[in-house]
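Hi there,

Here is the structure I promised to pass along. Please have it open while you read my notes below.

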Amino acid sequence: MKDEDSNVLFRIKLRLQRHSLWEHIKGLWFSRKLSTHGIVVVTGSGSFPKVINRGGEIHAGHCQFYEGVRLEIGKGASLIIGSGSYLNRNTLVVVETKVEIGNFCKIAWDVIIMDSDLHPIEGKILENKPVIIEDHVWIGCRSIVLKGVRIGKGAIIAAGSVVTKDIPAYAIAGGVPARVITTRSFIEPQAIKS
């Protein structure tokens, strides 16, 4: 057996230790709704993740979706989810222009990410602005990320926060509205080798 073949078998074995065959089958079924995708797994026994796509694109790497996730994509909009990332229970992502979620991001349960207000405020024009969440970001449960925000690499958003402005890389932020509390050091994980 070639080294390349044994490496593939090792990766498959490792993946099946983390996620059941049933989670892979549900992921395969769910990935039909995605424009492009890697290996997708769906976890949980509650309501299946839902996609409402009105003419946009969803590109997902090797990632995980939990029960109750809802993705709403507007006409011409783009949602990109990087490899190694997961969206936990009941996360809602609303995309009217563009939302990017980087690699190895942890999106906790009941998080809302929106790049639009979805309706104009009296006397103002509706303005949509992209949301960019860089690699290795952790967003705590019941947080809200609003339009026009960039969350830097390795940042942590505390549970229950409302992010209305950019958060720099490696910052720990929280509150309503979220503000930087402190910063942290970060060592990027090494890739798994056989």
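**Salt bridges, a helix and a sheet**

Asp110 and Arg142 form a salt bridge, with their closest N and O atoms 3.2 Å apart. This pair links distant parts of the chain, 32 residues apart: Asp110 is in the loop between strands S11 (106-107) and S12 (112-114), while Arg142 is in the loop between strands S14 (138-139) and S15 (144-145). Asp110 is partly exposed at 22% relative accessibility, whereas Arg142 is exposed at 57%. Do keep in mind that this is a predicted model.

In the whole structure, the search turned up six salt bridges. Another of them joins Arg150 and Glu134, where the N to O distance is 2.8 Å. Arg150 belongs to strand S16 (residues 150-151) and Glu134 to the loop between strand S13 (131-133) and S14, so this salt bridge ties together parts that are 16 residues apart in sequence. Both partners are partly exposed: Arg150 has a relative accessibility of 39%, and Glu134 has a relative accessible area of 26%.

You may also like to look at Glu72, which forms a salt bridge with Arg70, the closest N and O atoms being 2.5 Å apart. Is Glu72 buried or exposed? Glu72 is buried, because its relative accessible area of 16% falls under the 20% cut-off. Its partner Arg70 is partly exposed, with a relative accessible area of 30%.

Next, the helix. Which residues of helix H2 (residues 21-30) are buried? They are Glu23, His24, Lys26, Gly27 and Phe30. Looking down the axis of H2, you will find these buried residues within an arc of 160 degrees, so they line one face of the helix. The general reason is that an α-helix has 3.6 residues a turn, so residues three or four places apart point the same way. Leu21, Trp22, Leu28 and Trp29 are exposed on the other side of H2.

Finally, the sheet. Six strands make up an open sheet with parallel pairing, and their order is S3-S6-S9-S12-S15-S18. Its edge strands are S3 (50-53) and S18 (162-163), each of which pairs on one side only. S15 and S18 run parallel and are joined by two bridges. If you zoom in on S18, you will see Val162 standing opposite Ile144.

That is what I have for you, and I would be glad to hear what you think.

Best wishes

Conventions
Residues are numbered from 1 along each chain as its sequence is written. This is a predicted model: local features need pLDDT of at least 70, side-chain atom pairs count only at pLDDT 80 or more; totals for chains, interfaces and linings use all residues. Side-chain values use heavy atoms; hydrogens and water are left out. A salt bridge is a side-chain nitrogen of Lys or Arg within 4 Å of a carboxyl oxygen of Asp or Glu. Buried means under 20% relative accessible area, exposed over 50%, partly exposed in between (1.4 Å probe, protein chains only). Helices (H or I, at least four residues) and strands (E, at least two) are DSSP runs, numbered from the N terminus. The arc is that of the directions from the helix axis to the C-beta atoms. Two strands pair if DSSP finds at least two bridges between them.
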